Amino acid sequence: MMRTLTFVVGTGRSGSTALSRIVNAHPDVLSLNEFMASVGDTAFPEGKVTGEEFWQPLARPVPRYERLIRSGLPLPEFLYPRRPGRYASETTGIPALSLMVLPHLTDDPDALLDELRSAVVPWPERTAAEHHLALFGLLCARFGRTAVVERSGYSTRWVPQLRAAFPHARFVHMFRDGPDCALSMSRHPGFRTICLLREIKARAGVEDLADLTDEHVRALPPDLAPLLGDRFDPALVRDRDLPLRTFGALWSDLVIQGGEFLGPVPADRRTTLAYEDLLDAPREELTRLAEFAGVEPVPQWLDAGCALLDHTRRGSARRLTAAELRELGESCAPGTRALEGIRAADRAASG
């Protein structure tokens with residue numbers, strides 16, 4: 001039986017993937033790694049849906065991820081291609097749950113997908129939120145866990161939807177030093193793609209890629225338009241000269257967004273977690289996280305968690321030239337100011 005549901009949200013590239021591995025090592029926690037990044041909005045239709053209708057978006061491939069894989073630009077977060085089974089992007093497509101969620105839980109994601117399909121499809125008609133809670137409960141029973149922690153990178157935008165669907169959920173806002181995080185984004189194919197797609201939307205003057213018309217696409221430069229196709233040259237993402245300030249601005253936008261969306265959450269259902277604090281005081285921070293998520297900070301788990309942290313990633317931006325660091329710091333400044341306010345509010349709420 002699931003007792004608590006916690007969402008770890010943040011910018012991404014903030015140590016959150018390592019946190020998923022740490023959380024997964026806890027004997028009482030079901031770690032849903034990149035669940036929201038996998039299912040997104042498609043798994044939350046309005047009204048009531050049958051079990052089969054709820055299952056469909058969980059089992060369908062995610063088009064934007066399939067394009068990256070087919071283009072030779074898979075993200076390091078994609079776990080399924082490293083342990084290939086019956087699905088492949090070139091033939092069947094990889095089901096949404098299979099790409100990152102299920103391989104985090106088992107060495108046989110295909111069998112688990114089959115098991116879930118058999119259980120979920122016959123479910124009666126109910127809201128998507130009720131189906132999700134039932135799915136989380138099913139997985140908790142399957143793995144003998146009592147608490148659920150979902151963690152996705154680049155996830156702050158989902159907070160309003162998650163609050164509406166799960167009013168009693170708890171939220172952890174995870175973040176990392178702005179220049180370090182932005183520099184990591186600049187080296188990550190997913191965030192490089194995100195910045196290029198943001199440029200496409202800005203050039204076209206649209207809020208969503210779905211609003212692009214054929215005329216918009218024809219007006220795009222030849223190094224951007226192919227990114228909207230079914231397959232593209234990965235060099236268009238890997239080799240394009242993207243200024244570091246682009247990623248500093250993205251980091252700032254996401255931190256500010258997270259603060260705005262999480263501010264209205266009741267103080268007892270939200271907290272913050274800084275990557276640097278996790279490195280400096282891992283036992284204290286992991287203990288606090290466990291208690292917030294409603295589980296015991298088991299000593300063996302604390303030992304395992306400390307061993308999974310990589311201290312070499314800290315301070316990476318300091319290896320930039322003085323000019324590069326100054327430019328990056330200026331683009332991160334709005335987010336840094338917002339973060340100071342977020343942390344102050346968290347300290348006040350915790351007494």
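How many helices and strands does the protein chain have? The chain has 17 helices and 7 strands. The model is a predicted one.

**Overall form**

The C-alpha atoms fit in a box of roughly 50 × 50 × 35 Å along the principal axes. The radius of gyration of the protein chain is 20 Å, which agrees with the value near 20 Å for a compact globule of 351 residues. Of the 351 residues, 51% are buried. The chain exposes about 15,700 Å², and carbon and sulfur atoms supply 52% of that area. Among contacts with a separation of 6 or more, 77% are between residues 24 or more positions apart.

**Two buried residues**

L112 and E34 are set out below, each with its place, its relative accessibility and its contacts beyond four places in sequence.

| Residue | Place | Relative accessibility | Contacts |
|---|---|---|---|
| L112 | helix 6 (residues 109-120) | 2% | L102, T106, R142 and F143 |
| E34 | loop between strand 2 (29-33) and helix 2 (35-39) | 5% | E77, M100, V101, E150, R151, S152 and G153 |

Is L112 buried or exposed? L112 counts as buried because its relative accessibility is 2%, and the cut-off for buried is under 20%. This leucine lies in helix 6, and its contacts include R142 and F143. L112 is 70 residues from A182 in sequence, and their C-alpha atoms are 36 Å apart in space.

E34 sits in a loop, between strand 2 and helix 2. At 5% relative accessibility, E34 is therefore also classed as buried. Among the residues that E34 contacts are E77, E150 and R151.

**Cavities**

How many cavities of 30 Å³ or more does a search of the whole structure find? The search finds 3. The largest cavity has a volume of about 70 Å³.

Which residues line the largest cavity? The lining consists of T6, V23, H26, V29, V149, L289, A290, A293, V295 and W301. By class, 8 of these residues are nonpolar and 2 are polar, with no charged residues. Helix 15 (residues 282-293) gives the largest share of the lining, 3 residues.

Notes: Residues numbered from 1 in each chain as written. Predicted model: local features only at pLDDT ≥ 70, side-chain atom pairs only at ≥ 80, totals over all residues. Heavy atoms only, no water. 1 Å grid on protein atoms, 1.4 Å probe; cavity = no way out; pocket = protein on both sides within 12 Å on 5 of 7 lines; lining within 4 Å. Points joined across faces, edges and corners; volume = space filled by probe spheres on them. Helix = DSSP H or I, 4+ residues; strand = E, 2+ residues; numbered from the N terminus. Nonpolar A, V, L, I, M, F, W, Y, C, P; charged D, E, K, R; others polar. Buried < 20%, exposed > 50% of the residue type's maximum accessible area, 1.4 Å probe, protein only. Contact = heavy atoms within 4.5 Å. Rg over C-alpha atoms; globule rule 2.2 N^0.38 Å. Areas by Shrake-Rupley, 256 points an atom, 1.4 Å probe, with all protein chains shown as cover.
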